[in-house]
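Thanks for making the time this morning. I would like to walk you through one structure, slowly, and I will try to keep to what can be read from the atoms.

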Amino acid sequence: MKRTTFTILLLTVLFAAKAQYFPIDTARLNSAYRAIISGERNIKTEMEFLETYPTTWLEFYMTYSYVDDKEYDIGMSQLCTEHISTLFGLSHINDTVKCKKIVDLTIGMKESGECTGVYQDYLVGYILSNEELVLDYLSKLKKGYQMEFWQFCWSSTCECNRAEHFNKIYNRNKDKYPEEMEISRIAYEHFYD
């Protein structure tokens with residue numbers, strides 16, 4: 001409750017002031033992104049991108065939100081999909097480090113338009129390809145954080161087959177990660193569709 005109130009208050013102040021403020025260093029992020037897409041895909045450029053990419057839902061929201069105001073620079077909102085694709089496509093980063101970033105960012109995330117829908121699609125694909133890694137990391141987190149992660153994961157209204165994705169993940173992992181899969185099942189039951 002305190003986090004939600006603080007978030008609403010912060011967003012209200014920021015939008016009322018009409019000044020743009022990004023909680024991350026967008027110049028560094030975009031520089032690393034341009035280096036990666038220009039062919040400089042290596043541990044240094046990928047780590048620079050990962051370190052400057054938003055770490056929390058609030059940072060993500062404030063960085064990539066679209067504001068319909070002629071004085072607002074919508075450049076970051078236009079790069080959202082490309083940045084998400086780059087995040088999930090990082091190949092030189094330690095898998096555990098990348099997984100931690102993705103899971104931590106997802107905790108508390110709310111569906112708020114196209115950008116989060118794109119993130120959600122990449123997230124589900126990532127989980128399907130890295131189940132052991134994701135579930136091992138999630139198993140070390142408090143149950144409330146796990147629930148927030150799965151709530152976002154299953155809260156899709158897209159025309160994709162989330163039911164099939166849930167069943168695959170659940171059935172393959174219910175014996176090894178029974179508590180985590182029960183949390184996922186509850187989140188699916190309450191937030192899917």
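I will begin with the chain as a whole, then turn to its cysteines, and finish with a pocket.

Please keep in mind throughout that this is a predicted model. The chain has 11 helices and 0 strands, so if you read along the sequence you meet one α element after another, in the pattern α-α-α-α-α-α-α-α-α-α-α. Of the 193 residues in the chain, 44% are buried, and the accessible surface comes to about 10500 Å², with 53% of that area belonging to carbon and sulfur atoms. When we take the contacts between residues at least 6 apart in sequence, 72% of them join residues that are at least 24 apart.

Now to the cysteines, and to a question that a biochemist may well ask: how many disulfides does a search of the whole structure find? The search finds 1, and it is formed by Cys80 and Cys115, whose sulfur atoms lie 1.5 Å apart in the model. This pair links distant parts of the chain, since Cys80 sits in helix 5 and Cys115 in helix 7, 35 residues apart. The torsion about the S-S bond of Cys80 and Cys115 is about 40 degrees, and therefore the disulfide is right-handed.

Are these two cysteines buried or exposed? The cut-off for buried is under 20% relative accessible area, so Cys80, at 2%, counts as buried, and Cys115, at 16%, is buried as well. Two further cysteines can be placed by that cut-off: Cys99 has 1% relative accessibility and counts as buried, while Cys153 is buried with a relative accessible area of 0%.

That brings me to the second largest pocket, where about 250 Å³ of space lies. Its lining is made of 16 residues, and those nearest the centre of the pocket are Tyr64, Ser77, Cys80, Glu114 and Cys115, so both partners of the disulfide are in that group. Helix 4 (57-64), helix 5 (75-89) and helix 7 (114-129) are the elements that give two or more residues to this lining, and the largest share, 5 residues, comes from helix 5. By class, the lining has 7 nonpolar, 7 polar and 2 charged residues.

Let me end with helix 4, which is mostly covered, with 6 of its 8 residues buried. The buried residues there are Trp57, Leu58, Phe60, Met62, Thr63 and Tyr64, and Tyr64 is one of the residues nearest the centre of the second largest pocket.

Methods
Residues numbered from 1 in each chain as written. Predicted model: local features only at pLDDT ≥ 70, side-chain atom pairs only at ≥ 80, totals over all residues. Heavy atoms only, no water. 1 Å grid on protein atoms, 1.4 Å probe; cavity = no way out; pocket = protein on both sides within 12 Å on 5 of 7 lines; lining within 4 Å. Points joined across faces, edges and corners; volume = space filled by probe spheres on them. Helix = DSSP H or I, 4+ residues; strand = E, 2+ residues; numbered from the N terminus. Nonpolar A, V, L, I, M, F, W, Y, C, P; charged D, E, K, R; others polar. Buried < 20%, exposed > 50% of the residue type's maximum accessible area, 1.4 Å probe, protein only. Contact = heavy atoms within 4.5 Å. Areas by Shrake-Rupley, 256 points an atom, 1.4 Å probe, with all protein chains shown as cover. Disulfide = S-S within 2.5 Å.
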